[in-house]
Amino acid sequence: MTTRNPPATRHIISINDLSDREIETVFDVAQSFLTELPDGHFPYRIGRSTKIASNSILASLFYEPSTRTRLSFESAMLRLGGETITSADPTTSSAAKGESLADSVRVIANYADIMVIRHPRDGAAKLAAEYSPIPVINGGDGSHEHPTQTLCDLFLLKKKNKRLKNLKVAISGDLRGSRTIHSFVYALARFGATIMPMAAKGMELPAHVDQRLREEFRCQMVTGKGDGDAIDALYVTPEEPHQQSLFSAAELESNIDVVEKKVDAVYVTRFQKERWADKDQSYPKIDRKFLSEPKYSEASVMHPLPRVGELDAAFDADRRAVYFEQAAYGVPVRMALIALLLGLKGKSLHKFEGGFERPKYPLYDQPRPIGIHCANKNCIVHDPMESQYVRNKFYVVKTQTAAECKLRCAYCEGDIEHFVVASRKNKWFAADPAALVRADEQHFKDIVVFAKAADATEAGFHSRRAAAEPKPRRRAGSKA
Ligand code: NCD
């Protein structure tokens with residue numbers, strides 16, 4: 001039985017698994033379905049079916065509640081002429097008996113041709129992909145990512161604005177817990193957007209997402225006028241990824257146009273109560289009054305849904321309310337993604353390799369049980385049911401500042417900045433992250449990384465400084 005997927009299998013775990021060109025290809029194919037299979041009344045609705053997937057089966061493996069994602073994936077497969085099999089309730093599947101995700105995936109891969117998975121743990125979809133010989137699509141993993149929601153969001157933005165580049169988008173609510181936001185901001189940054197975070201108190205973007213926006217996507221922070229406006233900071237991104245911004249930071253700060261430019265979209269999210277222990281948060285409400293400011297006069301008001309009070313239902317009749325149209329695009333967009341992953345539309349995503357051109361970081365793959373573990377307690381590596389199937393794997397990400405580096409969990413993509421590096425051969429350790437940058441991937445097997453010095457000592461390593469200190473010299477006349 002295969003334990004690891006063949007290298008050619010293409011999985012969509014992050015929005016960054018798709019290049020800009022591939023995203024445009026998904027949209028071309030989605031539009032062709034809307035044109036070829038029209039509803040006749042509503043231009044955003046698929047009204048007919050085709051037979052192109054008549055020999056294919058989609059498996060939905062959902063460990064968390066879902067309405068739109070699961071049903072639109074299944075509707076998409078049925079509209080393509082394929083079949084669907086569903087495990088929508090973990091209390092009625094073998095998960096309730098204690099079966100690991102890694103085992104379930106290897107079994108289900110024999111029953112279907114493509115799989116969509118939703119799971120409460122960050123990084124679960126990546127683990128599933130490691131064990132699946134068929135394409136795995138991430139339908140939302142913890143608070144990590146939700147790439148296909150972002151495809152629907154971008155498709156809507158493209159429809160409304162006739163372009164994806166250089167949009168100005170406000171994002172409101174639980175920016176920490178919302179996986180939809182995390183995929184969305186990476187994509188927005190890649191397309192050169194200006195992003196206006198309007199986080200609920202204490203629910204700002206996670207530090208690692210903020211850092212990636214600045215370091216990997218070259219976003220610059222601009223502070224607003226501080227006049228009591230809800231928005232006091234913006235991420236401004238250059239038009240092309242990897243292209244330096246045309247503005248210096250000082251120029252940006254005085255660039256009132258950037259701050260005052262009309263907003264193309266306001267993206268509202270609900271409080272992700274299932275991801276927070278403290279459920280008594282005050283939360284911003286977006287309503288007609290908030291949206292009456294002139295800068296929102298042409299903004300599309302978006303929401304991944306469900307909404308639970310943060311977006312006033314009295315706004316639904318407003319021409320700017322586009323959230324139900326956004327949800328309708330779940331069908332053509334997911335039809336396109338399935339068709340491309342299965343190579344059913346003349347075009348295939350298999351022909352493209354590697355997704356978004358992100359830097360290639362060396363992988364530090366550490367055997368259990370010793371050494372550092374991911375610091376995110378919700379990461380799949382901490383799921384007791386998966387303990388035999390995951391390893392602690394980290395990308396060694398060189399930071400901009402120096403020869404320093406941080407570790408990025410290969411599953412949840414959370415970062416660890418402080419750690420000690422030990423040598424198996426010499427049995428010493430040092431608080432010297434740069435040792436990982438200096439060693440190439442081949443030498444990683446001599447290295448063990450620990451979260452802190454005490455862990456290294458407990459595992460039998462000694463501090464390099466202590467080892468290097470000269471032994472005290474014997475005084476003359478002292479006894480041997
Ligand atoms: C989102 C999700 O599950 O992350 N729902 C969806 O797929 N449209 C948003 C949410 O639950 O808040």
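Student: In strand 4, which residue is the bridge partner of isoleucine 117?

Tutor: Note that this is a predicted model. Strands of a sheet pair through backbone hydrogen bonds, either parallel or antiparallel. Strand 3 (residues 114-119) and strand 4 run parallel and are joined by four bridges. In strand 4, the residue bridged to isoleucine 117 is asparagine 138.

Student: Is the β-α-β crossover from strand 3 to strand 4 right-handed or left-handed?

Tutor: After strand 3 the chain passes through helix 4 (residues 124-131) and then enters strand 4. The hand of this β-α-β crossover is right-handed.

Student: How many of the residues of strand 4 are buried?

Tutor: A residue counts as buried at under 20% relative accessible area. Strand 4 covers residues 136-141 and is mostly covered. Its number of buried residues, out of six, is six.

Student: Which helix gives the most residues to the largest nonpolar core?

Tutor: In soluble globular proteins, nonpolar side chains tend to be buried together. The largest nonpolar core here has 65 residues, and the members that touch the most others are Phe33, Leu151, Leu154, Leu157, Ile171 and Leu213. Nine residues of this core come from one helix, residues 330-341, and it gives the most: helix 11.

Student: Why does this core lie between two domains, and which are they?

Tutor: Residues of the core come from both domains, so the core lies between them. One of them is made of 15-143 + 329-351 and the other of 148-327. They are domain 1 and domain 2.

Student: How many residues are in another core, the one that includes Ala95 and Val421?

Tutor: This core lies apart from the largest one. Val105 and Ala112 are also among its members. Its number of residues is 52.

Student: How far apart are the end C-alpha atoms of helix 5?

Tutor: Helix 5 runs over residues 147-161, which makes 15 residues. At 1.5 Å a residue it should span 21 Å, and the model agrees with this. The end C-alpha atoms are apart by 21 Å.

Student: Is helix 5 largely enclosed or largely open, and how many of its residues are buried?

Tutor: The buried residues of helix 5 include Pro147, Leu151, Leu154, Leu157 and Asn161. The buried count covers most of the 15 residues, so helix 5 is largely enclosed by the rest of the structure. The number of buried residues is twelve.

Student: Which residue just after helix 5 takes a positive phi?

Tutor: Most residues other than glycine have a negative phi, and most peptide bonds are trans. Just after helix 5 a residue has a positive phi of about 60°. That residue is lysine 162.

Student: Is arginine 218 buried, partly exposed or exposed?

Tutor: Arginine 218 is in the loop between helix 7 (207-215) and strand 7 (220-223). Its phi is positive, about 55°, although it is not a glycine. Buried needs under 20% relative accessible area and exposed over 50%. Arginine 218 has 26%, so it is partly exposed.

Student: Which peptide bond is cis, with omega near 10°?

Tutor: Its second residue is in the loop between strand 10 (300-302) and helix 10 (323-328), and that residue is proline 306. The residue before the bond is a leucine. The cis bond runs from leucine 305 to proline 306.

Student: Which strands stand at the edges of the open sheet with the order 11-12-13-14?

Tutor: The sheet has four strands with antiparallel pairing. An edge strand has a single partner strand, so one side of it is left without a neighbour in the sheet. The edge strands are strand 11 and strand 14.

Student: What is the relative accessible area of threonine 180?

Tutor: Threonine 180 lies in helix 6 (residues 179-190). Leaving aside neighbours within four places in sequence, its contacts include His146, Tyr267 and Pro304. Threonine 180 counts as buried because its relative accessible area is 9%.

Conventions. Residues are numbered from 1 along each chain as its sequence is written. This is a predicted model: local features need pLDDT of at least 70, side-chain atom pairs count only at pLDDT 80 or more; totals for chains, interfaces and linings use all residues. Side-chain values use heavy atoms; hydrogens and water are left out. A nonpolar core is a set of buried Ala, Val, Leu, Ile, Met, Phe, Trp, Tyr and Cys residues joined through side-chain atoms within 4.5 Å. Buried means under 20% relative accessible area, exposed over 50%, partly exposed in between (1.4 Å probe, protein chains only). Helices (H or I, at least four residues) and strands (E, at least two) are DSSP runs, numbered from the N terminus. Domain bounds come from an automatic or database domain assignment. Two strands pair if DSSP finds at least two bridges between them. A crossover is right-handed if, with the strands pointing away from the viewer, the path from the first strand over the helix to the second runs clockwise. The expected span of a helix is 1.5 Å times one less than its number of residues. Contact means heavy atoms within 4.5 Å.
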